[in-house]
Amino acid sequence: MSEQLHRMLARLANFESGAIGNQNDTRKQAPRIDLRARAIVSLIYLIIMLSVPINRLSELLIFAAFPIITAAQTGVRYGCIARQSLIALPFVAVIGVFNIFYNREPIFAIGGVIIAVGWIEFFSIIVRAMLSVQALLLLVRAEGYNALCRALRRLGLPSVFTTQLLMLYRYTSLLLEQLLSLVRARQARSFGRRALPVRDWGAVIGELTVRTVDRSERISQAMWARGFRGRMPDEQQVQRWQWRDTIYLTAWCLVLSVIRFTHPVERIVTLFNKL
Amino acid sequence: MHMSDALISPSVFAATSAIAIALVGIATRQVSRTTRKRSIDTPIEEVREQRIVPLMGVMGALIFAAQMLNFAIPATGSSGHIVGGILLAAILGPWAGFLTLTSVIVVQCLLFADGGLMALGCNVVNMAALSCLVAYPLVFKPLVHHSSSALRWGAASIAASITALTMGALAVTIETEMSGITALPYSRFILFMLPIHLLIGLGEGLATAAVIAALRRYRPDLLHDAEYSEPKRRSFIFAAIIALALIGGTIAGSIASTDPDGLEWSIERTTEGKELAQHQSTMHQGAAETQQTIALLPDYNTTLSGIIGIGATLAVIYSLSLLLRRQ
């Protein structure tokens, strides 16, 4: 268990700096898009992509272009993001399966095998889940958690809330450290007896809470002594909103709307049929 | 209990996001008002409000870590895990607890893609709002006060946690059905969700009771003590009705939907599986139609009806007792 806790602590530290899945630092030389613009585009992408009717799988697949292009642009490995987006699968696959059973109306046949509407809906649910998770992961992984919290603050979120987002994240490592110390102490005195008796669980959770609260109060006192007054200070040097951010936002909105409302796949298929 | 983006329609997203944003706005104002009271010269030990920032961070971290232990509930597209809203509200108060739980949900969404950006509003309403702003003031608070025994604090934690979890699970089924993405019938869906959340609620109640017991013993100052004055008798009964209706309804509904009731079973036995002859007179048909029109739950789903039924029965019994007492 202590190994798992060490791994979790390392993972949390990586999230803070945005080091996961990033290729070297080529992205730092390229002009960076304001994170606020990227957050707004991601939200618009999700709304437009998820409004595609569930039986139009082909139309949905074109929307995979957004995470692929964004990954290339921000220097994040798309393979890494795609692999991590698989975590959503167990949750959506189990519910998507019911569409296969309930919607058995045939839609087309491939070489004698009849494909039902339910199958199209099933894959559609899977693609929706994967693409929405990818868009979200890309938003955070490219710049790191701190930068995202600052962007949220500049988007107008109350400072009480953004401070809480940062605090929660930082105190998680504190809690894991206290848990690590409890686990280590238990291992040192248990001499091979592995499992903790169920009747002791309550005491351990209570002890962990009290220890972490005590430690956090000492840290808080130190922060107050150094001038912290309950809010994270705003950035001194902020990246201003530039023309390229406006262009980025407008361009993606246009492209996504065109894909959604002009049905390009149907048009291409009709064109081929005419030829 | 986290819902996924893939199962949400834009209209459900818009409605739940609007509710969530409004609630976060109110909570932020409430918390800011508490934190603004402090003065720089006051020693930190003397002012409880100064502790709220680290306390919100630590309690949020605790719930964040506890929610990492989750599993996929078969056939629902949702995850099963503890929520922790009652514990947060008991320590931080309902609004700060709501804000803390919302921040946990946001961090899970941003860092681990657990529950999507579109589903954020749904998740905040189902988990944070229903537990901190509904189950806590209606069930937990009326059941306990300063001098209550440890057993009573434990019972209140369990009742409130189960109430919060079952209400949240009910909200998940309603939002998913309203989105219309899944083809799973509502009655099956609710049957998958409610009983399992009843059990998770029981587990969460026990964990909440353990933490509160430890805090009452070692750090009683940390509990949101201003809130626990002597509860009114009427709010105590109201809390008991809500908790009993949700718990009893879920259990009764689950049993009822898996097995036919005694009468159905005996008819099945006597007719040996054959349907009863249809002696449908015009009067029969008329009565059936009227029943369908006036019934509150016409296509009745056993679990939901169980909850509403038990709640209504307890409410009627209580009203009758009030009437009789006045006479």
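These legends go with close-up views of a predicted model.

**View 1. The second largest pocket, with a lining from two chains.**
This pocket has a volume of about 750 Å³. Its lining counts 24 residues, and those nearest the centre are Leu152(A), Leu157(A), Ile21(B), Leu117(B) and Leu120(B). Which helices supply at least two residues each of the lining? On the chain A side they are H3 (35-50), H9 (145-154) and H10 (159-190), and on the chain B side H1 (10-36), H4 (94-112) and H5 (120-143). H1(B) gives the largest share, with six residues. As for chemistry, the lining holds 20 nonpolar and four polar residues, and no charged ones.

**View 2. A tilted tyrosine pair, Tyr145(A) with Tyr169(A).**
Searching the whole structure turns up ten aromatic pairs over all chains. Here is one of them: the ring centres of Tyr145(A) and Tyr169(A) sit 4.5 Å apart, and their planes meet at 35°, so the pair counts as tilted. Tyr145(A) belongs to helix H9 of chain A and Tyr169(A) to helix H10 of chain A, so this contact ties together parts that are 24 residues apart in sequence. Buried or exposed, these two tyrosines? Both Tyr145(A) and Tyr169(A) are buried.

**View 3. An aromatic cluster in chain A.**
Four side chains make up this one: Tyr45(A), Phe63(A), Phe66(A) and Trp252(A) form one aromatic cluster. Tracing it means picking out a Tyr, two Phe and a Trp.

**View 4. A salt-bridge network around Asp34(A).**
How many salt bridges does the structure hold over all chains? There are seven, and this view takes in the network that links Asp34(A), Arg36(A) and Arg154(A). Asp34(A) bridges to Arg36(A), with 2.9 Å between the closest N and O atoms. Asp34(A) also bridges to Arg154(A), where the closest N and O atoms are 3.9 Å apart. Asp34(A) lies in the loop between helix H2 (26-29) and H3 of chain A, while Arg154(A) lies in helix H9 of chain A, so that second bridge ties together parts 120 residues apart in sequence. Now for burial, where the cut-off is under 20% relative accessible area. Asp34(A) has 2% relative accessibility, so it counts as buried. Arg36(A), at 14%, counts as buried too. Arg154(A) has a relative accessible area of 30%, so it is partly exposed.

**View 5. A salt bridge between chains, Arg219(B) to Glu217(A).**
The two side chains meet at 3.1 Å, N to O. Arg219(B) is in the loop between helix H7 (186-218) and helix H8 (233-258) of chain B, and Glu217(A) is in helix H11 (residues 198-225) of chain A, so the pair joins two chains. Both Arg219(B) and Glu217(A) are buried.

**View 6. The hairpin of S1(A) and S2(A).**
Strand S1 (residues 106-110) and strand S2 (residues 113-116) of chain A pair in the antiparallel sense over four bridges. To get your bearings, look for Ala109(A), whose bridge partner in S2(A) is Ile114(A). Two residues separate the strands, and Gly111(A) in this hairpin takes a positive phi near 50°. How many of the five residues of S1(A) are buried? The count is zero, so S1(A) is hardly covered.

Technical notes:
Residues are numbered from 1 along each chain as its sequence is written. Chains are lettered from A and ligands numbered from 1 in the order in which they are written. This is a predicted model: local features need pLDDT of at least 70, side-chain atom pairs count only at pLDDT 80 or more; totals for chains, interfaces and linings use all residues. Side-chain values use heavy atoms; hydrogens and water are left out. On a 1 Å grid over the protein atoms alone, a cavity is a set of points where a 1.4 Å probe fits but cannot get out, and a pocket is an open set with protein on both sides within 12 Å along at least five of seven lines; lining residues have an atom within 4 Å of a point. Grid points are joined across faces, edges and corners, and a volume is the space filled by probe spheres set on the points. Ala, Val, Leu, Ile, Met, Phe, Trp, Tyr, Cys and Pro count as nonpolar, Asp, Glu, Lys and Arg as charged, and the others, Gly among them, as polar. Rings of Phe, Tyr and Trp (its six-membered ring) pair if their centres lie within 6.5 Å; planes under 30 degrees apart count as stacked, over 60 as edge-to-face and the rest as tilted. Buried means under 20% relative accessible area, exposed over 50%, partly exposed in between (1.4 Å probe, protein chains only). A salt bridge is a side-chain nitrogen of Lys or Arg within 4 Å of a carboxyl oxygen of Asp or Glu. Two strands pair if DSSP finds at least two bridges between them.
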